[in-house]
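Trainee: I'd love a close look at a single residue here, and then a walk outward to the rest of the chain. Could you take me through it?

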Amino acid sequence: MKCKLLLASALVSVLIGTVQAAPLVVSEPWIRAMPSTSRVIPIFFKLHNKSVEDRALVAIKSSRGDVAIHETVAADGMMKMQPIEVLTISAGQHVMLKPGGYHGMMSHFTEGVPQEGDLVLVTLVYANGEEQDVHIEVVRKMNTGMAMSSLATHGS
Ligand SMILES: [Cu+2]
């Protein structure tokens with residue numbers, strides 16, 4: 001009994017430690033459901049930096065595949081995606097990863113393309129070495145014009 005209590009309190013302090021070490025708040029996460037033959041699948045979420053220091057997202061990891069951080073840029077009248085090394089979230093600000101803008105791009109799937117309803121564990125890696133786990137559900141959403149064009153022009 002005592003042993004169980006000790007274990008429980010240890011677990012609680014680990015959880016609290018994780019929360020304190022990650023002042024960025026992730027909200028509205030979703031992964032777009034794609035056909036099982038897709039080579040890439042986009043990951044979206046909102047990152048809110050409630051701290052007083054700028055923060056930088058430098059990588060996204062998942063056991064389900066490789067994940068790159070992409071930005072969408074206009075070039076020659078076309079919307080194109082390209083990888084970026086760093087996504088800065090200024091102190092007190094938020095950055096939206098959304099269709100037609102920044103997003104995570106998963107490829108090289110280890111267990112096939114994540115399907116609608118799957119909960120995918122994704123780890124956000126920051127420049128200061130902190131890591132933040134997020135479980136993101138794969139959902140089907142109506143394609144907007146922007147999403148369609150960004151998917152259509154994806155290079156990989
Ligand atoms: Cu992309």
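Trainee: Is Asp-66 buried, exposed or partly exposed, and why?

Mentor: Happy to! Keep in mind that this is a predicted model. Asp-66 counts as partly exposed because 14 other C-beta atoms lie within 10 Å of its own; a residue needs 20 or more to be buried, and 12 or fewer to be exposed.

Now for its surroundings. Asp-66 belongs to strand 4, which covers residues 66-75. Once its neighbours within four places in sequence are set aside, Asp-66 has contacts with Met-106, Ser-107 and His-108. Take Met-106 as an example: 40 residues separate it from Asp-66 in sequence, yet the two C-alpha atoms are 5.4 Å apart in space. Contacts across long stretches of sequence also show up in the chain-wide numbers: among contacts between residues at least 6 apart in sequence, 70% join residues at least 24 apart.

Let's step back to the whole chain. It has two helices and 10 strands, and along the sequence the order is α-β-β-β-β-β-β-β-β-β-β-α. The chain has 156 residues, and 20% of them count as buried.

Strand 4 also brings us to the interior. The largest nonpolar core has 19 residues, and Ile-43, Val-122 and Ile-136 are the ones that touch the most other members. Strand 4 supplies at least two residues of this core, as do strand 2 (40-49), strand 3 (55-61) and strand 9 (119-126). The most comes from strand 2, which gives six residues. Ile-136 is a good residue to click on: beyond its neighbours within four places in sequence, its contacts include Ile-43 and Val-122, along with Pro-29, Trp-30, Ile-31, Phe-45 and Val-120.

Next, the strand pairing. Strand 1 (residues 24-32) pairs with strand 2 in the antiparallel sense, over six bridges; Val-26, for instance, has Leu-47 of strand 2 as its bridge partner. Strand 1 also pairs with strand 10 (residues 131-139), in the parallel sense and over two bridges. Here Arg-32 is partnered by Val-139 in strand 10, while Ile-31 stands opposite Val-138. Strand 10 runs antiparallel to strand 9, and seven bridges join these two; Leu-124 stands opposite Gln-132 in that pairing. Strands 9 and 10 make a hairpin with four residues between them, and in its turn Gly-129 has a positive phi of about 95°.

Finally, a word on confidence, which you will want before setting up any calculation. The average pLDDT of the chain is 86, and 77% of the residues score at least 70. Two stretches deserve a cautious eye. Residues 17-22 have pLDDT below 50, and that stretch makes three contacts in the model beyond near neighbours in sequence. Residues 145-150 are also below 50, with 11 such contacts in the model.

So, back to your residue: Asp-66 is partly exposed, sits in strand 4, and is in contact with Met-106, Ser-107 and His-108 once its neighbours within four places in sequence are left aside.

Technical notes
Residues are numbered from 1 along each chain as its sequence is written. This is a predicted model: local features need pLDDT of at least 70, side-chain atom pairs count only at pLDDT 80 or more; totals for chains, interfaces and linings use all residues. Two residues are in contact if their C-beta atoms, placed from the backbone, lie within 7 Å. A nonpolar core is a set of buried Ala, Val, Leu, Ile, Met, Phe, Trp, Tyr and Cys residues joined through C-beta atoms within 7 Å. Two strands pair if DSSP finds at least two bridges between them. pLDDT is the predictor's confidence in each residue, from 0 to 100.
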